[in-house]
Amino acid sequence: MQTWGYSDSAPGPLIRARAGDVLRVEVTNGLDTETSVHWHGVALRVDMDGVPGLTQQPIAAGGRHTYEFTVPDPGTYFYHPHSGVQLDRALYGVLVVDDPHEPGRYDQEWVLVLDDWVDGTGRTPNQVLASLQSMGGHGDMAGMDHGSMGGMHGMSMGGMATMTSPLLGGAGDVTYLHYLINGRTPQAPLTLTGRPRQRVRIRLVNAAADTTFRVALGGHRLTVTHTDGFPVTPTTGDALVLGMGERADVTVELGDGVFPLVAVAEGKTGQALTLVRTGAGGVPDAAVRPGELDRRVLLTGGLKATDDVTLDRRKPDRIHRLVLGGSMMPYRWTINGSTYDKLEPLLVGQGERVRLEFVNETTMFHPMHVHGHTFAVSGNGTRNDTLIVVPKQTVSVEFDANNPGQWMTHCHNIYHAESGMMANLAYWA
Ligand code: C2O
Ligand code: CU
């Protein structure tokens, strides 16, 4: 199997910096097509944001590009291309920004990247997009064994896959054969080791293109401490739901034995697996389903920001309503009725408190992402840069316009984004 990656590995190299550092990354494009690197979640200077056609020229095949920027806020971030549907390759890596003031009360840290992987199964992400756009339909057969498609994936009369989840509604458009944690399938999982009673900080990143994951560690509870890099009042549950583009830091206290860390493709068939070994015990089956998955399930948007990262109360100076629309046939996804090519920029003013209201009028969930800013979700004020909006739901988020530039605001389902569900949020100093 073949894929594309950064520095011959999937995930790519872990990049680590301290808040306030200047990071310089030199990219050499060894692909036979142009690319770009976006630093997802980082409030960086806009000319380093990595959006070709908006903030930079694409990096040509064989070309080079240097990114250099200050990383202002601690947290778990990741990098990926912002060129077409390249995100559905194994082109991703994690950027950890350490907080020089954080005590770090844990014995170990694990960084785990979740992915739905179609590339290398015989179909490329470009072919998947083309087939969605030509079939116009729920249920692209990407990388799927057509012979077994009958009962397995719940095909309806019209030949459309019904991938739905009670949590998300329509859960995705693409059927994947493989779900990965740190580049490994459940048949060849990574084994993480530790000692009983150690405290481990797990940094989870969902780098998938079309899949939300529900994550649990058999025999353990998870305490969420950060969402998209920013601290929340620690909240304990049994499982955590993470949309595409979202990150969460959780802590666990390790038990004694061998445990499955499972990331189920929410509303789909399949899962990713990693093993945690602290003692003796048999190896769980690749299809193991820990009971924790169906106990107390946490969503990141419902947690509570800690006081130090809570936005002060202020009346919004500017409100933009973003109605999310779309259809499977034709395969077209919109904001306020328009695809990106026809949508006027969303203008805001420097210094304003901005409120975005996401109104989901479709039957699918959309993980909405804003570049260059970390917003506060209305209600508990959770700080996020990517937030799941479920069907028929309206959620408001607020941020202060203090980082002028042209900032993509889009669905992090890469097939939706490429089929129109993007906007440009713009302001000048
Ligand atoms: Cu991961 Cu435009 O973003
Ligand atoms: Cu979407």
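## A sheet built around strand 17

Strand 14 and strand 17 run antiparallel and are joined by 4 bridges. This comes from a predicted model, so please read everything below as a description of that model. On strand 17, Thr251 is the bridge partner of Thr223, while Val250 stands opposite Val224. Strand 17 also pairs with strand 12, again in the antiparallel sense, this time over 7 bridges. Here Arg201 is the residue that stands opposite Thr251. If you are browsing the structure, Thr251 is a handy place to start: Thr223 is its bridge partner, and Arg201 faces it as well.

How much of strand 17 is buried? Of its 7 residues (247-253), 6 are buried, so the strand is largely enclosed by the rest of the structure.

Zooming out, these strands belong to an open sheet of 6 strands with mixed pairing, in the order 10-7-12-17-14-15. Strand 10 (178-181) and strand 15 stand at its edges; each has a single partner strand, so one side of each is left without a neighbour in the sheet. On average, neighbouring strands of this sheet are turned by 25° against each other, direction ignored. As background for viewing any such strand, side chains in a regular strand alternate between the two faces of the sheet.

## Two loop residues with positive phi

Most residues other than glycine have a negative phi. Two residues in loops of this model are worth a look with that in mind. Arg197, in the loop between strand 11 (190-193) and strand 12 (199-206), has a positive phi of about 75° although it is not a glycine. Asp228, in the loop between strand 14 (222-227) and strand 15 (230-237), is not a glycine either, and its phi is positive at about 45°.

Is each of these residues buried or exposed? Arg197 has 63% relative accessibility and counts as exposed, whereas Asp228, at 0%, counts as buried.

## The copper site

Which residues hold the copper ion (ligand 2)? Its protein donors are His366 through ND1, Cys411 through SG and His416 through ND1, at 2.0 to 2.1 Å from the ion. Along the sequence, the donor residues follow the spacing H-x44-C-x4-H. His366 lies in strand 25 (residues 366-370) and His416 in helix 3 (residues 414-418), so this pair ties together parts that are 50 residues apart in sequence. Both His366 and His416 are buried.

## A second open sheet

Another open sheet has 6 strands in the order 22-21-24-29-26-27, and its pairing is mixed. The edges are strand 22 (332-335) and strand 27 (383-384), each with a single partner strand, so one side of each is left without a neighbour in the sheet.

Within this sheet, strand 26 (residues 375-377) and strand 29 (residues 394-400) run antiparallel and are joined by 2 bridges. To find this pairing on screen, look for Val377, which stands opposite Val397 in strand 29.

## Two cis peptide bonds

Most peptide bonds are trans. The bond from Ala10 to Pro11, however, is cis, with omega near -5°. Pro11 lies in the segment before strand 1 (15-18).

A cis peptide bond also joins Met329 and Pro330, where omega is about 0°. Pro330 is in the loop between strand 21 (318-327) and strand 22, and strand 22 is one of the edge strands of the second sheet described above.

## The surroundings of Tyr79

Tyr79 lies in strand 5 (residues 75-80). With a relative accessibility of 4%, Tyr79 counts as buried, since the cut-off for that label is under 20%. What does Tyr79 touch, leaving aside its neighbours within four places in sequence? Its contacts include Tyr6, Gly12, Pro13 and Ile15, along with Val37, His38 and Trp39. Also among them are Leu91, Tyr92, Gly93, Val94 and Leu95.

Two of these residues deserve a closer look. The side chain of Tyr79 reaches the backbone oxygen of Pro13 at 2.5 Å. Ile15 is 64 residues from Tyr79 along the chain, and their C-alpha atoms are separated by 9.5 Å.

Technical notes
Residues are numbered from 1 along each chain as its sequence is written. Chains are lettered from A and ligands numbered from 1 in the order in which they are written. This is a predicted model: local features need pLDDT of at least 70, side-chain atom pairs count only at pLDDT 80 or more; totals for chains, interfaces and linings use all residues. Side-chain values use heavy atoms; hydrogens and water are left out. Donors are N, O and S atoms within 2.8 Å of the metal (3.2 Å for Na, K and Ca); water is not among the atoms, so sites may look incomplete. Buried means under 20% relative accessible area, exposed over 50%, partly exposed in between (1.4 Å probe, protein chains only). Two strands pair if DSSP finds at least two bridges between them. Axes are lines fitted to C-alpha atoms, for helices over the stretch in contact, and angles run from 0 to 180 degrees between N-to-C directions. Contact means heavy atoms within 4.5 Å. A polar contact is a pair of N or O atoms within 3.5 Å; within protein, one must be able to donate a hydrogen and the other to accept it, and residues adjacent in sequence count only if both atoms are side-chain atoms.
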